[in-house]
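This report describes selected features of a predicted model. It takes up the surroundings of one residue, then a core, a helix and a loop.

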Amino acid sequence: MPATDNPGGMELKLLMLQRGIAQVLVGGKTIPFQGKTADATTLGPLIANALGFFEDVHAKKSSYSESVTTRVSQEPSVKQLVKDIRNGAVAQFGESSSDFKDLGFTPRKKNSELTPEQKQLKVERLRATRKARGTVGSRQRLAIKGVVDPTPPVAGSTPNGNGAAK
């Protein structure tokens, strides 16, 4: 498509011509056109035919936009369908079978076994992160107990928000 392509401008010119021909070339008026004389009955169909190309694009754009919207709205259900079929294939054939692969699925990658040095580095990074963030593990978290304020609750500040006891 050339950089100077401006279909909107050409379409506008054709629409203006169509309106102008209907207003100006009435009552037998003619203009010279390609070495002959032409009236509204000659030029009208030519302009309408040329406008048809532009209108066709508009119709197809609208149809395309509607199709894309439909596809996007249906994508979650399609993903679920593929996921359910994959799960069924895993249950029936197993991930390492040729039937599973023939259905177009690829088995999940297995985690690579870490070397002792990599395991040590992973543990050191975990401890450094916990120290930097002040986080604790699940067992240490269970040992943390909160202190409850012994003052009685004020009316209107109960958990259900209406001031009445449950």
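## Surroundings of L25

In this predicted model, L25 is in contact with G20, T30, I31, A38, D39, A40 and L43, when its neighbours within four places in sequence are left aside.

## The largest nonpolar core

L25 also belongs to the largest nonpolar core, which has eight residues and further includes L14, I21, A38, L43, I47, L51 and F54. The elements that give two or more residues to this core are α1 (7–24) and α2 (40–93), and the largest share, four residues, comes from α2. In soluble globular proteins, nonpolar side chains tend to be buried together.

## Helix α2

The buried residues of α2 include L43, I47, L51 and F54, each of which is also listed in the largest nonpolar core; R86 and A89 are likewise buried residues of this helix. An α-helix has 3.6 residues a turn, so residues three or four places apart point the same way.

Within α2 there is a kink of about 45° at E75, shortly before the proline P76. Just after the helix, G94 takes a positive phi of about 90°.

## The loop between β1 and β2

Where does Q34 lie? Its place is in the loop between β1 (31–33) and β2 (36–38), and although Q34 is not a glycine, it has a positive phi of about 50°. Is Q34 buried or exposed? With a relative accessible area of 70%, Q34 counts as exposed, because that term applies over 50%.

Key:
Residues numbered from 1 in each chain as written. Predicted model: local features only at pLDDT ≥ 70, side-chain atom pairs only at ≥ 80, totals over all residues. Heavy atoms only, no water. Core = buried A, V, L, I, M, F, W, Y, C linked by side-chain atoms within 4.5 Å. Buried < 20%, exposed > 50% of the residue type's maximum accessible area, 1.4 Å probe, protein only. Contact = heavy atoms within 4.5 Å. Bend = angle between axes of the 7 residues up to and from the residue.
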